[in-house]
Amino acid sequence: RMSLPFISVVVPIYNRNNWVQEVIGCLERQTYPKDRYEVIVVDNGSKDGAWEWVQQKVASSSLFAISCYRNDAPEKVPAASRNLGIKKAKGEIVAFTDSDCQPAPDWLLEGSAVFTEGVGIVEGKTIPVPDDPAPPLCRIKIIDGTRSYFDTANIFYLKSVLLEVGGFARDFYLNGYPRFYGEDLDLGYRVKGKGYRVAFAEKAVVMHHNHPQTVWQWLKEPKLVFICPYIAAKHPSARRELLFANYFLSASTAAFDLGAVATVLAVLVHPLFLLGWLPFVLAKLREQGAGASLPGRLVRLAGGTVRSFVTFGVLLAASVRYRSVVI
């Protein structure tokens with residue numbers, strides 16, 4: 001048992017009292033030896049009883065090591081809380097998860113087992129919580145190892161590596177509000193830049209709650225891609241590894257851009273150029289699968305087109321702001 005590395009699990013929280021109790025319960029039930037890990041909860045100013053519940057848990061728990069801290073920094077954001085957790089961590093390995101997650105019982109055991117010589121980061125597999133609502137407008141998180149996004153819902157770092165790079169970069173939060181939401185992606189690429197390898201732990205599973213959205217929330221969600229030109233400028237390898245053809249956020253945005261160019265040509269040259277929208281329409285219909293009715297598919301196509309315009313505008317503004325083209 002003493003050969004197992006000591007692990008510090010850092011969980012930032014803000015409200016979500018019921019989910020906070022779920023994630024702490026999952027961490028308490030880990031199969032990893034109880035004397036070889038600790039849980040560090042950092043609160044960002046919860047107002048629904050989550051902070052009080054965690055304090056009571058810390059005071060009453062005798063089964064495993066759990067501590068809690070209030071983030072008193074001006075920046076009430078998860079990145080600042082995670083940096084505080086890193087500072088408090090005693091472990092050789094620091095594992096991150098979130099309050100809307102449910103780590104499987106073997107999560108720590110399977111994640112820590114993948115560390116070998118030269119590996120600085122281990123990503124785990126993330127799937128939706130079974131039976132969670134999944135309406136048409138819904139944010140669903142799936143991480144299967146095909147690409148590395150370094151999502152803090154399910155990731156392990158060597159603490160020495162985190163200290164070497166200085167933790168989560170402060171340029172990703174300013175004046176108490178998230179500036180980009182990409183601090184986890186940035187951290188992963190800074191660690192890779194130091195020569196450390198990334199491994200994927202297929203059996204280190206975290207279940208992530210789905211987040212149903214209103215139409216307005218769904219339309220506003222593309223603002224998160226404002227980080228992409230900045231990441232591409234800061235980490236050229238991310239441009240090669242994550243973008244479509246180096247300059248497009250995805251094949252879908254490339255198809256949208258083709259349609260936009262086709263519209264200009266249709267006005268200036270000939271209406272037949274409007275056929276340039278066909279790849280975009282087909283891509284959006286494929287995204288929906290075959291189960292929806294024709295009226296439903298048309299409604300979602302219309303909504304997806306509006307959202308694509310928002311995405312284009314956000315990426316264009318960010319590309320100009322950071323002089324780094326991602327469209």
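Buried means under 20% relative accessible area, exposed over 50%, and partly exposed is in between, using a 1.4 Å probe and protein chains only. A quick word on the model: it is predicted, so local features need pLDDT of at least 70 and side-chain atom pairs count only at pLDDT 80 or more, while totals for chains, interfaces and linings use all residues. Residues are numbered from 1 along each chain as its sequence is written, and side-chain values use heavy atoms, with hydrogens and water left out.

**Exercise 1. Work out whether arginine 323 is buried or exposed, and say where arginine 323 is found.**

Step 1: place it. Arginine 323 is in the segment after H12; helices (H or I, at least four residues) and strands (E, at least two) are DSSP runs, numbered from the N terminus.
Step 2: apply the cut-off. Its relative accessibility is 81%, so arginine 323 counts as exposed.
Step 3: check the backbone. Most residues other than glycine have a negative phi. Arginine 323 isn't a glycine, yet its phi is positive, about 50°. Alanine 245 also has a positive phi, about 55°, and lies in the loop between H9 and H10.

**Exercise 2. Describe how H1 and H2 pack, then do the same for H10 and H12.**

Step 1: get the geometry. The axes of H1 (residues 17–28) and H2 (residues 50–60) come within 9 Å and cross at roughly 25°. Axes here are lines fitted to C-alpha atoms, for helices over the stretch in contact, with angles from 0 to 180 degrees between N-to-C directions.
Step 2: name the arrangement. Angles under 35 degrees count as roughly parallel, over 145 as roughly antiparallel, 65 to 115 as roughly perpendicular and the rest as oblique. H1 and H2 are therefore roughly parallel to each other.
Step 3: list who touches whom, with contact meaning heavy atoms within 4.5 Å. Asn17, Val20, Gln21, Ile24 and Glu28 of H1 meet Ala50, Trp53, Val54 and Lys57 of H2.
Step 4: run the second pair. H10 (residues 251–268) and H12 (residues 294–322) pack at about 90°, with axes 11 Å apart. That makes H10 roughly perpendicular to H12. On the H10 side, Thr253, Phe256 and Asp257 meet Thr305, Ser308, Phe309, Thr311 and Phe312 of H12.

**Exercise 3. Find out how many residues of H6 are buried, and what covers them.**

Step 1: count. Nine of the 11 residues in H6 (residues 183–193) are buried, leaving the helix mostly covered. Among them are Asp184, Leu187 and Val191.
Step 2: look around. The cover includes helix H3 (78–88), strand E6 (119–128), strand E8 (155–158), helix H5 (159–165), H8 and helix H9 (236–242).
Step 3: see what follows. After H6 comes glycine 195, with a positive phi near 95°.
Step 4: zoom in on one residue. Not counting residues up to four places away in sequence, leucine 187 touches Tyr157, Leu162, Val165, Gly167 and Phe168.

**Exercise 4. Decide whether threonine 152 is buried or exposed, and list its contacts.**

Step 1: locate it. Threonine 152 sits in the loop between strand E7 (138–139) and E8.
Step 2: classify it. Threonine 152 is buried, with a relative accessible area of 4%.
Step 3: list the partners. Leaving aside neighbours within four places in sequence, threonine 152 contacts Arg82, Phe96, Thr97, Asp98, Phe168 and Asp184.
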